[in-house]
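Let's walk through this structure together, with the coordinates open beside the text. We will begin with a strand pairing and work outwards from there.

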Amino acid sequence: MTGMNPLASAVIPPDLQQQAHDWLLRLQGAPVTQADADAFRRWRALDPRHAAAFAQARALWNALGPALQAGTAAAPTPTAAASLPLPAPAAHARPRSRVNRTRRAFLGGAVAAAAGGWLMARSPLGMWPEMDALGADFRTATGEQRTLDIQGVAVAMGTRTDLRRVDGGTGLQLGQGEAQFSVPARGSAGVAIHVDGARVTPAAGTRINVRCVGADVRVTCLAGTATLTRGTRTVTLQPGWQARLGGDRIASVAQVATDRIDAWRQGWLVADDQPLAEVVDEINRYRPGRIVITGAALQARRVQARIPLRDLDTFIDLVRDVYGARVVNMPGGVVLLG
């Protein structure tokens with residue numbers, strides 16, 4: 001845009017994005033003290049990118065109000081903060097209740113719990129790793145895939161996935177994300193895989209897909225056999241069989257279409273008669289920034305599609321052309337569909 005600071009459209013490092021979001025929340029929670037304003041100025045003066053990060057966060061905040069049709073208007077950005085910037089605070093300041101919750105949860109590195117009183121750090125835009133992933137032995141970023149050889153087992157890590165060595169280095173723990181493990185027919189004793197309190201032991205010549213994304217936890221056998229144990233229950237998975245985990249148990253075991261499970265390895269995301277909201281959630285794991293659906297009716301539309309991971313924005317065009325959705329492009333790779 002004409003007249004815009006060139007840094008405003010720059011790629012801002014994740015830590016600075018988080019600091020800018022924290023400061024926006026802090027300054028929206030009026031009354032803003034003189035100490036707050038002074039600290040903000042110091043932070044902003046440390047690096048020109050701080051001002052750019054804050055400008056991006058503020059533009060996103062201002063646009064989300066009408067775009068998300070919030071029921072109550074958020075407090076305007078304080079004029080002192082708008083012309084000002086701060087070292088990151090030692091602790092997150094809790095936003096005041098008058099700040100719109102939808103925008104607060106979307107922007108904030110500090111999110112107030114619904115019951116109030118305690119805060120949790122998270123990455124609502126998916127632009128930096130969750131705290132639990134930072135200590136992983138192996139980790140992939142948004143849109144990244146990685147292949148490893150661990151004790152003779154070929155490991156393919158999907159996007160935003162973290163793995164840790166456990167069992168004295170003889171096992172692997174999948175924290176969040178998705179990975180495939182291929183055990184050769186000969187020459188390897190295999191690696192025990194832990195996920196969400198369960199233990200998976202693949203036999204020689206086995207290939208399994210393990211997924212743990214939020215509450216969606218499943219183990220799918222693509223070739224060979226694998227033993228899955230959780231609590232007192234043990235099941236043996238044959239090719240084409242998938243176990244879903246829920247709570248503290250093995251919730252279900254059923255046959256599935258493995259081509260959809262394996263699609264990410266081939267560079268595709270396959271939607272098979274799924275609600276648009278589910279498809280967007282999955283795309284958001286692969287795509288920097290975030291796609292936000294602002295209408296309930298659009299969220300429920302069913303989708304049948306095969307989407308290339310190398311060009312996920314073709315899906316945005318598809319939703320616009322097929323469903324007549326309005327597309328609003330925001331800073332930081334955020335897209336509103338309504």
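Val327 has Leu337 of strand 21 standing opposite. This pair belongs to the antiparallel pairing of strand 20 with strand 21 (residues 334–337), which is made over 3 bridges. Please keep in mind as you look around that this is a predicted model.

Step back from that pair and you will find an open sheet of 3 strands, in the order 18-21-20 and with mixed pairing. Which strands stand at the edges? They are strand 18 (290–293) and strand 20 (327–329); each has a single partner strand, so one side of each is left without a neighbour in the sheet. From one strand to the next, the twist averages 20°. Now look for helix 9 (residues 313–323), which lies across strand 18, strand 20 and strand 21. Its direction is at about 20° to that of strand 21.

From here, helix 7 is a good next stop. Leu276 has its place in this helix, which spans residues 276–286. With 0% relative accessibility, Leu276 counts as buried, the cut-off being under 20%. What does Leu276 contact, leaving aside its neighbours within four places in sequence? The partners are Ile293, Leu298, Gln299, Arg301, Val303, Phe315 and Val319. Ile293 falls in strand 18 (290–293), while Phe315 and Val319 fall in helix 9 (residues 313–323), so you can trace a path from Leu276 back to the elements we have just visited. Also worth finding is Arg302: its C-alpha atom and that of Leu276 are separated by 5.8 Å, although the two residues are 26 apart along the chain.

Leu276 has company in being buried. Of the 11 residues of helix 7, 8 are buried, so the helix is largely enclosed by the rest of the structure. These buried residues are Leu276, Val279, Val280, Glu282, Ile283, Asn284, Arg285 and Tyr286. Glu282 is a charged residue you may like to click on in helix 7. Its relative accessibility is 15%, and Glu282 therefore counts as buried. Not counting residues up to four places away in sequence, Glu282 touches Glu178, Arg211 and Leu269.

Next comes another sheet. This one is open too, with 7 strands in the order 3-6-7-9-10-13-14 and mixed pairing. Strand 3 (138–139) and strand 14 (233–237) stand at its edges with a single partner strand each, so one side of each is left without a neighbour in the sheet.

Let's follow part of that order, strand by strand. Strand 6 (residues 162–166) and strand 7 (residues 171–174) run antiparallel and are joined by 4 bridges. Within this pairing, Leu163 stands opposite Leu174 in strand 7. The hairpin of these strands has 4 residues between them, and there Asp167 takes a positive phi near 55°. Strand 7 is also joined to strand 9 by 4 bridges, this time with the strands running parallel. Here Gln173 stands opposite His194 in strand 9. Strand 9 (residues 192–195) in turn runs antiparallel to strand 10 (residues 198–202), with 3 bridges joining them. His194 appears again in this pairing, where its bridge partner in strand 10 is Arg199.

Now turn to helix 2 (residues 34–45). Its 12 residues reach 17 Å from the first C-alpha to the last, close to the 16 Å expected at 1.5 Å a residue. Asp36, Ala37, Ala39, Phe40 and Trp43 are buried in this helix. Seen down the axis of helix 2, the buried residues fall within an arc of 165°, so they line one face of the helix. Gln34, Ala35 and Ala45 are exposed on the other side.

Finally, how confident is the prediction? The protein has a mean pLDDT of 77, and 72% of its residues reach 70 or more. Confidence is highest in strand 12 (residues 216–223), at 97, and lowest in strand 1 (residues 110–112), at a mean of 28. Over residues 105–129, pLDDT stays under 50, and the model has 67 contacts beyond four places in sequence for this stretch. Residues 1–9 also stay under 50, with 7 such contacts in the model.

Terms used. Residues are numbered from 1 along each chain as its sequence is written. This is a predicted model: local features need pLDDT of at least 70, side-chain atom pairs count only at pLDDT 80 or more; totals for chains, interfaces and linings use all residues. Side-chain values use heavy atoms; hydrogens and water are left out. Two strands pair if DSSP finds at least two bridges between them. Helices (H or I, at least four residues) and strands (E, at least two) are DSSP runs, numbered from the N terminus. Axes are lines fitted to C-alpha atoms, for helices over the stretch in contact, and angles run from 0 to 180 degrees between N-to-C directions. Contact means heavy atoms within 4.5 Å. pLDDT is the predictor's confidence in each residue, from 0 to 100. The expected span of a helix is 1.5 Å times one less than its number of residues. Buried means under 20% relative accessible area, exposed over 50%, partly exposed in between (1.4 Å probe, protein chains only). The arc is that of the directions from the helix axis to the C-beta atoms.
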